[in-house]
Amino acid sequence: MAGKSSKKSAKVAKKAASERVAAKPALLSGGNPQIAKADGDAPVQAYLAAMPGWKSAVGRRLDALIVRNVPNVRKAVKWNSPFYGIEGQGWFLNFHCFTKYVKVAFFRGTALRPVPPGESKHQEVRYLDIHEDDQLDEALLATWIRQAAALPGWVP
């Protein structure tokens, strides 16, 4: 009898593990996806796929714009947000889902020209909030991305 119960236990454990893998990430406050901290493109793609509704399209546009404008960009998910940086220079940008917008953070934003509009309690950080019906100025955003990537980045 012990053989039957151990086979059944193994089968139940295997099913539970596969359900955890297949389950969608939990959404935290504001609809921000909870993605495990990890380096590379795969966790960023998991974050983008888990962004709710219209925010997912914004996240994919941002990711594509960053990749197009910064060759060899380094990606990671930290603190439930995708981060973009340059190896050996630190992180230059991240974004995060809130209830009504996606917040893009430029870690050395006060050095960008023109300066992004959103102020921060951190001296050098500037933000761009993207709402559902906003028209993205991709040319300006690309300029900020290239400028930000050329600056020394933030190192946690």
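## Exercises on strands, a buried residue and a pocket

Strand β1 (residues 38–39) pairs with β2 in the antiparallel sense, over two bridges; two strands pair if DSSP finds at least two bridges between them. Helices (H or I, at least four residues) and strands (E, at least two) are DSSP runs, numbered from the N terminus. The model is predicted: local features need pLDDT of at least 70, side-chain atom pairs count only at pLDDT 80 or more, and totals for chains, interfaces and linings use all residues. Residues are numbered from 1 along each chain as its sequence is written, and side-chain values use heavy atoms, with hydrogens and water left out.

**Exercise 1. Describe the pairing and covering of β2.**

Step 1. On the β1 side, Asp 39 stands opposite Ala 76 in β2.

Step 2. Strand β3 (residues 81–86) also pairs with β2 in the antiparallel sense, over five bridges. One of the residues to check is Arg 74, whose bridge partner in β3 is Gly 85.

Step 3. The hairpin of β2 and β3 has two residues between the strands, and Trp 79 takes a positive phi near 50° there.

Step 4. Of the five residues of β2 (residues 74–78), four are buried, and the strand is mostly covered. Buried means under 20% relative accessible area, exposed over 50%, partly exposed in between (1.4 Å probe, protein chains only).

**Exercise 2. Locate Asn 32 and list its polar contacts and neighbours.**

Step 1. Asn 32 lies in the loop between α1 (2–22) and β1.

Step 2. Its relative accessible area is 1%, so Asn 32 is buried.

Step 3. A polar contact is a pair of N or O atoms within 3.5 Å; within protein, one must be able to donate a hydrogen and the other to accept it, and residues adjacent in sequence count only if both atoms are side-chain atoms. The side chains of Asn 32 and Tyr 47 make such a contact (2.5 Å). A polar atom of the Asn 32 side chain also lies 3.0 Å from the backbone nitrogen of Cys 97.

Step 4. Contact means heavy atoms within 4.5 Å. Not counting residues up to four places away in sequence, Asn 32 touches residues including Ala 26, Leu 27, Asn 80 and His 96.

**Exercise 3. State which strands supply the lining of the largest pocket.**

Step 1. β3, β4 (90–97) and β5 (101–106) each supply at least two residues of this lining.

Step 2. β4 gives the largest share, three residues.
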